[in-house]
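Good morning, colleagues. Please bring up the sequence and the model on your screens, and I shall take you through one sheet.

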Amino acid sequence: MTNGRLKQLRNTGIIAHIDAGKTTITERILFYTGLTHRVGSVDEGSTVTDFMPQERDRGITIQSAAITCTWQGHQINLIDTPGHIDFTAEVQRALRVLDGGVVVFDGVAGVEPQSETVWRQANGYNVPRIAFVNKMDRPGADLERTVKMIRERLKAHPVVMQIPIGREDDFRGIIDLITMKALFFEDESLEPTIRDIPKEMEDVAEEKRDKMLEAIADVDDDFAWAYLEDEELDREMIVETLRKVTCDNRAVPVLCGSGLHNVGIQPLLDAIVRYLPSPLDVEPMVGYTEDDEAFVCDPTDEKSLAALIFKISTDPYVGKLSFIRVYSGTIHSGMPVLNATERTTERIGRLVRVHADQREEVKELKAGDIGAILSLKSARTGQTLCSEEQPVLLEQITFPTPVIKLALHPRTTADQEKLGKALRNLCDEDPTLYVHYDEDTGETILAGMGELHLEVIVERLKREFNVHVETGAPKVAYTETITRPIRVEGRLIKQSGGHGQYAVVVVDLEPLETGSGFVFEEEIRGGAIPKEYIPAVEKGIISAMQEGPLAKQPVVDIKATLVDGKYHEVDSSEQAFETAGAMALRDGLKRANPILLEPVMEVEAIAPQEYTGDVISDLSRRAADVRGIEPRSTGMQSVKAHVPLAQMFGYATALRSVTQGRGTFTMQFSHYQQVSEDTHEELVTQVA
Ligand code: GDP
């Protein structure tokens, strides 16, 4: 029973860099799957997936919405992923819950730097993919060139299954190299018109079909034998083999079309159903029980519940929507579930499946499925829901440290009052967003993944929460860490008269590699401190990490091991141990050679070759470490460099001026490094 249902389920994401046509294609898919009755247009700002107002303004999809549609008896849960690099944590989160993806390329631009980034991420999560080369109607669109780039830049194994009929304005259809038929998309009906291959294209179609078969034979031995023996390769065998090698990540079927002109969308839907995996075809998710044992989330209804919250959104009508993927078991309305991350239990209210423009209330969501819970109180992106009897924690998603921050100044007292709640909502949705109240300046500080990220949040405050704020200039988020291990004692003893306070802790601190965050362990011998006080010590340490000893910047990448301590029957309390933990940490940080770190970005600037020299000298002025120069498409050259984020403010303008407006660049967080002596001085004096 379960298997039948699961076989016909596809959890699929559309992955692409900005502007490749993801929104247009999603929209067309919703149209053809019969859920919308009009074809929305991105240019007019009327699409269904991009439902937040400023996404429409900006034409970028920021939040990944999960939408359910049906094609050929299969349920497709489409997860829209954002293409902007500032929001890659959102892409990562979506990639975790997908079983397969459609990667959209722009047929003119081919494989762009941002496509490389999302492709690498999809590799990281082992997501099987098909490629859709879009915009085949545009002048300069070139399927072969794009395929070559997929092979060379992405190191993938493309299997080209279609070729375009006609070019540019004359682009009218595609030849399906499996059925060897020509498909014309002449109206908006569900079926393309199928004709014989035009005479003048017969030879090239034969040649490309052979190439397709060879490409499959390259990655599958059984198929290679059949191909070499000249056996009759029927459609079924080709499709089956291609499904197998796609699901195993050995090959990437390549399709083409034009989202805007409705060419190739139905074959794309067919391909999603035929070649992309069902939840049964991928490795099951593994979680951990309370005893740290692996809990394999087989996608069966019988197993106990394990579901991951992968997105929270605030809907103007129904309030908080928590999107979940159920990995095993069943979740149904009315049942109590444990939020294993927060250790709170809550009764599930209503469950919905979201379609293009309406919500369908459902009684339950079963293993493999995706849907949303209405008004779940404690829910943040990345948390696990499970049954109370069998607590299980699905792996935590690790999010990168924020690199940039912004001070918020509410305009009026009314704005001030609403700000806290609005920010709490936004933080529930977006774990890459951090809010911090600076006691010294009385400012609310927002920290995130990039300038655009924070800009969007400020705009959402205004539009969705009616909170108006002025902002300071964006500033680099510095951090602090230590460079040598140290053993420290935190001692809080106040026993003069009345109820005293007593807590002593001994903590070993050691530096960790960059990006490791914070690790806490306890190795207490023989109950020197009762178990119930240990979480309080951790809490104290974490709270003291918010401000480092040098410049009051957050402390990262350290391990704290609680090794010893003392307590008093009457005078010890959680509060006392929390304070002792904080005291130990503050003292330890000062004495373990602390340093200040700054975020370094990976920058790629692309410009016509004649400007390469100027691009490099400008980057050098910004303390860049130039890492490579490579030719790009005709006449263009790419310069890759590591540059401290502090040096990158205003780079867009600078690049435009040194390249006569012809340069573009991408930038993403790379790593943290110790700041220069000058910056160190500057930051330290600022707080003194
Ligand atoms: P997204 O940023 O990937 O979601 O891309 P959009 O769907 O917003 O498309 C970006 C722009 O490309 C819009 O102006 C679309 O109208 C246009 N576009 C999308 N698909 C096609 C296509 O197949 N052909 C042409 N010529 N333009 C397209």
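Gly-287 has Phe-295 in strand E13 as its bridge partner. Please note that we are looking at a predicted model. The strand that holds our starting residue is E12, residues 285-289, and four bridges join E12 to E13. The two strands run antiparallel. Another facing pair brings Met-285 opposite Cys-297 in E13.

How many residues lie between E12 and E13 in their hairpin? There are four, and one residue in the turn, Asp-292, has a positive phi of about 65°.

Let me now turn to the other partner of E12. Three bridges join E12 to E24, and this pair is also antiparallel. Here Tyr-288 stands opposite Leu-393 in E24.

We can now place the strands together. The open sheet consists of three strands in the order E13-E12-E24, with antiparallel pairing. Strand E13 (294-297) and strand E24 (392-394) each have a single partner strand and stand at the edges, so one side of each has no neighbour in the sheet. On average, neighbouring strands in this sheet are turned by 40° against each other, with direction ignored.

Finally, I would draw your attention to the side chains of E12. In general, side chains in a regular strand alternate between the two faces of the sheet. Which residues of E12 point to one face and are buried? They are Met-285, Gly-287 and Thr-289. Val-286 and Tyr-288 point to the other face and are not buried.

Thank you for your attention.

Conventions: Residues are numbered from 1 along each chain as its sequence is written. This is a predicted model: local features need pLDDT of at least 70, side-chain atom pairs count only at pLDDT 80 or more; totals for chains, interfaces and linings use all residues. Side-chain values use heavy atoms; hydrogens and water are left out. Two strands pair if DSSP finds at least two bridges between them. Axes are lines fitted to C-alpha atoms, for helices over the stretch in contact, and angles run from 0 to 180 degrees between N-to-C directions. Buried means under 20% relative accessible area, exposed over 50%, partly exposed in between (1.4 Å probe, protein chains only).
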